[in-house]
Every structure is written in structure tokens, then in C-alpha cells.
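Colleague: Could we go through this structure together? I should like to begin with the strand pairing and then turn to the aromatic rings.

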Amino acid sequence: MTAWRLLLTRPADDSVALAQTLAEQGIFSSCLPLLEITPLPVSAKIRQAIQRLPDCNAVIVVSKPAARIALELLDAHASQPLTLPWFSVGAATGQILLDHGLDAHFPVDGDDSEALLQLPRLREAVGVANAQVVILRGEGGRELLAERLRELGASVGYLELYRRDLPAYAPDELPRRIEAERLNGLVVSSGQGFEHLRQMAGDAWPSIAQMPLFVPSPRVAEQARAAGAQTVVDCRGASAAALLTALRELPVPFSNAKDGYVSETALPKDDVQPVIEPQVETPPPATEPRRGNGLAIVALLLGAAGVAIGGWGVWQVRHLQTNTQQQSGQVQALNDQAQSLKLNEQRLTERLAQLPGADELAERQRLVAQLQGDQQRLNQRLETVLGASRKDWRLAEAEHLLRLASLRLSALQDISSAQALVQGADEILREQNDPGSFAAREQVAKTLVALRSTAQPDRTGLFLRIGALRDQVIGLTELAPEYKDRGESLLGLTSDGDGASRWAQWWDKVSRYIRIDFNADKNVRPLLAGQSLSQVRLALSLSLEQAQWAALNGQAPVYTQAMAEARDVLKNNFNPDNPQSKVMLEQVAELSKEPVTVNTPDMAGTLSAVQGYLERRNVNAEESVKPFAKPAADAAQEATP
């Protein structure tokens, strides 16, 4: 491998690192950066985008310059640590992110967007709802990664951090460098780097295109082949390890380097005949004739001509050997292509042999046409069945609504809810547009009229009014009889005028405990003790509470009995002359007359009519269903043994 002499075209920092790795393996390299990375000015837009990175679900970095610049911006402008996953196209970029302590992921079997899109961790990150992804890159570039992520449902944005420029070189710098350093291989790291290489080659591109060209991905390889490159090697990655693997697998072309790196196909040193310059004798003294000097000059010219002819011959031999080796490489490439074409031809022949004949193909076409016809008929039948099935479901829903209405009437006497349910069933029957549903709709209409003419008792209002009476029970008090002295008592008879006698004093004390009322026809109710009053209030409250329950549940006998008990408690234990007791007694008498039950219409006839309509409809549907008739051609084929 030491015969390789490579031209590295990566940016300056990357080229230096790669050259050091190659030198450790004994490979000569020359650096000619064709990409100059220029960071973009840090604008307000870039700072805002860096600060919004924590809100994203994933960050994708496409190159090492993008990673370095982004990390510098994060250290300068990020307000909080980033815990989201980071993704890189290549392993070298991913290592930069890992060294910075980020959660970085990258594919191990490729250094391109296609390999990154197959990464399960990336699909998991963008698989959430409303996923946001930011791609860090330079100005311009491929749109494949963003398009595929948008197809997965993610929202993708770009953050461009730098631009790639072509450094300023002399017009013939590339051919001159290749010729001066006897280079026999070219290395590019991106599609834009290859475009710059071709641009610098200029008119020398046809000859440079014959040199082995090492590229990082199939996309760049296709780009190079389309531009005329003859020997393109896809390294399947931009790392130094991928390049070294490709160098080991490719034969080394001829090189006539003079710095110790000799090609394996170079001629041995023994095959090159050294040119021996003739020895020039010292001329004799001036006494020698002038003719001897002329012969020496002629001999010197002949020797120089021999040396020139020998050198030209060696150059011709080496040039022929170089051309022969290039032609051998081209022949080998043509042989490989021919072998590939032959293999493809064999595969096509095998596939053609597997294809059916003309008769069999016609029979298959006929069967396909027949199958399509059967499928169309089945689709029509399926649409009919599905339509009928939907109507059946709607009619079953109408029957269910009538059942619910009957249950509401019988259990709760809820006129309003039953009316709404019956109205819904009537609308379903009307949607069918079936003359057979006339009898059922007639019964439904009668039920609706009966429900609308039935008054709904205000049970809720009755419950609240009785509750208000219960709140007033606690305020009921007994009314003590009043006694007024009209001068007719014994005190007036026994007084001697001034009222200061001992008898008057004694009578004043006794009169506090007894009373003599000459109107005996009026009843005098005894006063209630405190404990008895509480018990009476509790009995009255319980009677009213029982009346509330009966009102809500429509229990007329219970309601009447409870209100009668409340009225008796008021009459027997409280003075009717008390205004508060009198008003409550009047309200109890008024509420006792309120109705709590209602005579609900009978829905049995309506429900039976609808059920009868459904049964008749199902019988007609079963009679209309007939087995699917097979075409005559199929019947004939089945009958043929």
C-alpha cells in the first residue's frame, strides 16, 4: 500500500488529520483543500433558533463543521442544558457530539442520509405527535432528509451555520500538483467537493478523470461517473478507516515517484541500463596537431547523443508501461462490466423461462376478466346487503326507543322523556319511506297525541314547596293563654280600699298559679314542655319529608296519608289562633290537593305494531336473498371431469 500517492481535498483541518493517519500507514498524501468553511455571522435569527432547541424532539447535524459551530453557539447562547437526542450523518460528527456530553446517535453501516433514516432511534424520536426536528447544516444541500422526515409526520426546519467556498488557487494548480508530486489517486468527501475538483481541473479533466477517485457514498459515485470519471471507488463512508479499506482492495496504479515510494508494478532497477559518460582524456601539449581536438569534440557529441537516445528510450518504455497498465485497468473494468452484463442476461433468461406461454397467458387473462366481473357483482350485492343492514339497525333502534319510552312511563311517569323517545322512533320510521310501515306509524302517532295531551305534574316544584314548609317547622312555638283583670276577681271583693291587707298579699301570690275563667265554653290548651315541643316538631318534619318522597315517586296514597298526618299534628299540638300555625295549616291543606300521579297512555299496542312490522320486513328480506348464480362457463367447467 505504500505506493499510493493521494491528493486530499477536504477542508484544511480535516485534511491534516487524515494525512497524519495515512502517514502512519506509510501512505504519501498531498493536501489541496477544495472546501473553505466560512461561519455565517451570528444573527438574531440564529440566536433565537439556538435558544429554541430545547423545545425540539430531535436535532440532526450533517457535518463536522456544523457540529463545531453549533457547540460554540450552544456554549455562548443556550439558556438551559439540552437533554433531547442528537443525530449525525457520520461517525466522526457523532464523536464530536459525544465528546461534548450530548445524547448522540449515528448509523454504523453508512455515512449518508439514507443510512441515518433507517436508524430506529430517529424514527422513535419523530414518531410522536407534532414532532419538531431541526437540521444543522451549511448553506444549500440535499433535501432528501427533510422530505423523508416530513413524510413521517414531523415538522422540519433548517439552521444554516456556514457556507462552503472554493479557495483561491492558480488556474493550473491542480494539474501541476498532480504532476509535480507524482500523485496516483484522488480523494473527495462530498458532492460539492467533487464539483470544485472538476472546476479546478479545467481542460485537464479528461486526463485527471482516468485517475482512481475515492468518494464517500453511492450518490457522489454516481455524480462522478456521470461527469466522466473512469475509476470511481465508493468507500461507503468518509472516515479514514473506510478509505484505508478501499485502498487495500484496489490495485495500486503505476507511479514514477522519486521519493522512495515505488509502485509494485514499476520496472526493477536492474532493467534500467545506466548511462556511462565517456572519459575525456587530457589534451596533450600544444605540439599535438589540431585534428585530434576535432575528433574529441566529435566523440563528445556522439556520447551526448547516445545519452539522450538512451534517456528517451527509458522514458518511452516507462510511458508505454504506464499506458499498458491503464489499458489493463480499462480492460479489467470492461471485463467486470461484461461479467455483470452476462450475469444480468442469465437472470433475464431465467425469468423469461419462468414466464407462461401465449396460450397460458391468454387463459389467465380470461380468468382475470372473469374474476373482475365476479368481483363487480359481489360488490353490488355487498352494497345492497350493507344498505339493508343499515336499515335493519335503524329499525332496531326505533324499537329500542319505544321500549325505553314505555319503561319511563311505567316506572317514572316521565311524560316529557317518553314523548321525546317516541318522536325519535317516528323519525326513524319516516326515514325508511316504506309503505309497509303505515300501520306502525299510525300507532306511534296515536301515542304521540296521547302523550302531548297528558299534563305532566310538577313534582319538582311540589318537592321544593314541601321542603320550604319543613324549614319553617323549627320556628313553630306554643301560644300561652292571656289573662286580663277586669275588676271582677276576689281581690276586689276582699280589699279594704288600699289593697295593703294581708289577704290581698296572699291572693296576689296565689293568683300567679291559678286562673278563674267564667267563659268555660272556650277550650284552653295546655302549654307544651320544651322536650314535647321538640318531639312534635320532629313528627311534623318527618310527615312532610315522607310527603316529599311520595311526590317524587308518584305514590298518591302515601302522599295523601303523609299530608293528613302533618295536618293532624298541627291541629292537635299547636294553637290555631297562632298566625304562624294558621298559615302553615292552610299551606298543608292546599298542598294536599296537588296531584302527584298521572294516568299514562298504554304503549303496548304501539310496541306490538312496530315489532310486527319488523318481523314482516325480515321475512321479505330472507325470501329475496337467493344463492349467487355462477356463470355458465364456470358451471360447464365444473361439470367437465
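**Strand pairing and ring contacts**

Modeller: To begin with the strands of this predicted model: Val59 has Trp86 as its bridge partner in β5.

Colleague: In which sense do β4 and β5 pair, and over how many bridges?

Modeller: The pairing of β4 with strand β5, residues 86–88, is parallel and runs over 3 bridges.

Colleague: And which residue of β7 stands opposite Val61?

Modeller: That residue is Leu136. Strand β7 covers residues 132–138, and its pairing with β4 is parallel over 4 bridges.

Colleague: What about the two faces of β4, covered or open?

Modeller: Both are covered. Strand β4 spans residues 58–61; Ala58 and Ile60 are buried on one side, and Val59 and Val61 are buried on the other.

Colleague: Changing topic: how many aromatic pairs does a search of the whole structure find?

Modeller: The search finds 2 aromatic pairs. In one of them, Trp4 and Phe214 meet edge-to-face, with 5.6 Å from centre to centre and 80° between the planes.

Colleague: Which parts of the chain does that pair tie together?

Modeller: Trp4 belongs to the segment before β1 (5–8), whereas Phe214 is in strand β10, residues 212–215, so the contact joins parts 210 residues apart in sequence.

Colleague: Are those two rings buried or exposed?

Modeller: Trp4 is buried, at 0% relative accessibility. Phe214 is buried as well, with a relative accessible area of 0%.

Colleague: What is the geometry between Phe194 and Trp205?

Modeller: Their ring centres lie 5.8 Å apart and their planes meet at 75°; that angle is over the 60 degrees required, so the pair counts as edge-to-face.

Colleague: Where do Phe194 and Trp205 lie in the sequence?

Modeller: Phe194 is in helix α9 (residues 191–201) and Trp205 is in helix α10 (residues 205–208), so this pair links parts that are 11 residues apart in sequence.

Colleague: And why do both count as buried?

Modeller: The cut-off is under 20% relative accessible area. Phe194 has 0%, and Trp205 has 9%, so each is classed as buried.

Colleague: One last topic: which ring does the charged end of Arg137 sit over?

Modeller: It sits over the ring of Tyr158, at 3.6 Å from the ring centre.

Colleague: And over the face of which residue does Arg5 lie?

Modeller: Arg5 lies over the face of Phe28, with a distance of 4.0 Å from the ring centre.

Note on methods. Residues are numbered from 1 along each chain as its sequence is written. This is a predicted model: local features need pLDDT of at least 70, side-chain atom pairs count only at pLDDT 80 or more; totals for chains, interfaces and linings use all residues. Side-chain values use heavy atoms; hydrogens and water are left out. Rings of Phe, Tyr and Trp (its six-membered ring) pair if their centres lie within 6.5 Å; planes under 30 degrees apart count as stacked, over 60 as edge-to-face and the rest as tilted. Buried means under 20% relative accessible area, exposed over 50%, partly exposed in between (1.4 Å probe, protein chains only). A charge sits over a ring if NZ of Lys or CZ of Arg is within 6 Å of the ring centre and within 35 degrees of the ring normal. Two strands pair if DSSP finds at least two bridges between them.
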